[in-house]
Amino acid sequence: QVQLVESGGGLVQAGGSLRLSCAASGRTFSGYAMGWFRQAPGKEREFVAAISWSGGRTNNADSVKGRFTISRDNAKNTVYLQMNSLKPEDTAVYYCAAGNYPQILIFPDYWGQGTQVTVST
């Protein structure tokens with residue numbers, strides 16, 4: 001088992017920035033790809049970004065390219081999502097996920113509880 005705990009969500013004005021963090025614990029973090037998904041009210045959960053264990057491979061949804069950056073610090077068992085130029089349509093609960101590439105892009109093995117991000121106009 002891998003436990004994932006997100007932090008860093010909150011309320012921000014459009015055009016602002018937030019950095020989400022996800023701390024992993026439990027079964028070894030080693031070797032897992034990590035990712036972020038989000039779910040807006042009334043919508044299905046959608047993929048946002050993913051990063052391989054080494055950090056050498058990343059994927060980003062078209063809707064966040066050029067604005068969001070995923071990174072990881074394996075020494076700290078933590079993955080980050082830097083979100084810049086936020087838009088009201090980025091409002092959602094953001095979930096951290098862990099799994100193997102490329103399955104993590106669709107079917108992660110583990111999920112966090114989520115953190116709310118609200119972008120006001």
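A residue is taken as buried when its relative accessible area is under 20%. In the predicted model, tyrosine 32 meets this criterion, because its relative accessible area is 8%. Tyrosine 110, at 14%, is likewise buried.

Four aromatic pairs were identified in a search of the whole structure. One of them joins tyrosine 32 and tyrosine 110: the ring centres are 5.8 Å apart and the planes stand at 85 degrees, so the arrangement is edge-to-face. Since tyrosine 32 belongs to the loop between strand E3 (18–26) and strand E4 (33–39), whereas tyrosine 110 belongs to strand E10 (residues 110–111), the pair ties together parts that are 78 residues apart in sequence.

A further edge-to-face pair is formed by phenylalanine 37 and tryptophan 111, with a centre-to-centre distance of 4.9 Å and an angle of 65 degrees between the planes. This contact links distant parts of the chain, as phenylalanine 37 lies in strand E4 and tryptophan 111 in strand E10, 74 residues apart. The two partners fall into separate accessibility classes: phenylalanine 37 is buried, with a relative accessible area of 5%, while tryptophan 111 is partly exposed at 34%.

Phe37 and Trp111 also belong to one aromatic cluster, together with Phe47 and Tyr95. Two rings of this cluster are approached by arginine 45. The charged end of arginine 45 sits over the ring of tyrosine 95, 3.8 Å from the ring centre. Arginine 45 also lies over the face of tryptophan 111, where the distance to the ring centre is 4.4 Å.

Terms used
Residues numbered from 1 in each chain as written. Predicted model: local features only at pLDDT ≥ 70, side-chain atom pairs only at ≥ 80, totals over all residues. Heavy atoms only, no water. Phe/Tyr/Trp six-rings, centres within 6.5 Å; stacked < 30°, edge-to-face > 60°. Helix = DSSP H or I, 4+ residues; strand = E, 2+ residues; numbered from the N terminus. Buried < 20%, exposed > 50% of the residue type's maximum accessible area, 1.4 Å probe, protein only. Lys NZ or Arg CZ within 6 Å of the ring centre and 35° of its normal.
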